[in-house]
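Me: I am new to this structure and would like a close look at a single part of it, the sheet and what packs on it. Please take me through that part slowly and in connected prose.

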Amino acid sequence: FEVLMINGLTVMVIDDQRSMRSILRQLLTRAGVENVIEAGDGAAAMELLTKTHSKNKSESPDVILCDLHMEGMDGLQFSNEIRRSKDPRVAGIPILILTGEQDTFIHEVVEDAGVTKVLLKPISGEELGKEIEAAVGFVA
């Protein structure tokens with residue numbers, strides 16, 4: 001397993017399934033990410049982001065991993081909210097949508113909402129690490 005250049009990054013994981021958040025946290029840990037912020041849906045994530053930005057910029061995530069289909073605020077609504085944020089530090093955070101959704105039309109709609117990339121579940125830790133590197137601008 002090659003060492004990726006993503007240690008030191010903070011990653012926000014948004015998924016309404018606790019088990020999926022746990023799996024992603026394990027994959028991220030193996031890829032060298034120690035700072036993981038978790039939220040159970042888009043609304044909770046927005047609350048964390050706005051609270052974080054009013055207090056301390058250093059706690060804000062470098063990249064967001066977000067499920068597409070969630071109760072309450074789903075990944076598409078969340079992405080729209082982020083991109084419309086008045087705070088440029090929030091509006092510019094790369095968003096990777098993780099989904100089991102196979103419909104490419106839905107992928108296109110989500111990408112049109114300003115998502116950095118749509119990734120299909122299941123995903124390996126190595127692939128996830130490479131996608132995070134690409135999203136935050138590291139070149140492997």
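Reply: What follows goes from the whole protein to its sheet, and then to the helices that lie against that sheet.

The model is a predicted one, and the protein in it has six helices and five strands. Read along the sequence, these elements follow the pattern β-α-β-α-β-α-α-β-α-β-α. Of the 140 residues, 44% count as buried, while the accessible surface comes to about 7300 Å², with 50% of that area belonging to carbon and sulfur atoms. Among contacts with a separation of 6 or more, 67% are made by residues 24 or more positions apart.

The part you asked about is an open sheet of five strands, which are arranged in the order 2-1-3-4-5 and pair in parallel. Its edges are formed by strand 2 (35-39) and strand 5 (117-120), each of which pairs on one side only. On average, and with direction ignored, neighbouring strands of this sheet are turned by 20° against each other. Within the sheet, strand 1 (residues 10-14) and strand 3 (residues 63-67) are joined by four bridges in the parallel sense, and Ile 14 has Cys 66 of strand 3 as its bridge partner.

Turning to the helices, helix 1 (residues 18-30) lies across strand 1, strand 2, strand 3 and strand 4 (95-99), and runs at about 170° to strand 2. Helix 5 also packs on the sheet, where it touches strand 4 and strand 5, and its direction makes about 145° with that of strand 5.

One residue of helix 1 deserves a separate look, namely Arg 21. Is Arg 21 buried or exposed? Its relative accessibility is 10%, and because a residue counts as buried when under 20% of its relative area is accessible, Arg 21 counts as buried. Once its neighbours within four places in sequence are left aside, Arg 21 is in contact with Val 13, Asp 15, Asp 16, Glu 38, Ala 39 and Gly 40.

The two ends of helix 5 can be described in the same careful way. At the start of this helix, which spans residues 104-112, a side-chain oxygen of Asp 103 reaches to within 2.8 Å of the backbone nitrogen of Phe 105. Just after helix 5, on the other hand, Gly 114 takes a positive phi of about 100°.

Terms used
Residues numbered from 1 in each chain as written. Predicted model: local features only at pLDDT ≥ 70, side-chain atom pairs only at ≥ 80, totals over all residues. Heavy atoms only, no water. Polar contact = N/O pair within 3.5 Å; in protein donor to acceptor, adjacent residues only side chain to side chain. Pairing = 2+ DSSP bridges. Axes fitted to C-alpha atoms, helices over the stretch in contact; angles between N-to-C directions. Contact = heavy atoms within 4.5 Å. Buried < 20%, exposed > 50% of the residue type's maximum accessible area, 1.4 Å probe, protein only. Areas by Shrake-Rupley, 256 points an atom, 1.4 Å probe, with all protein chains shown as cover.
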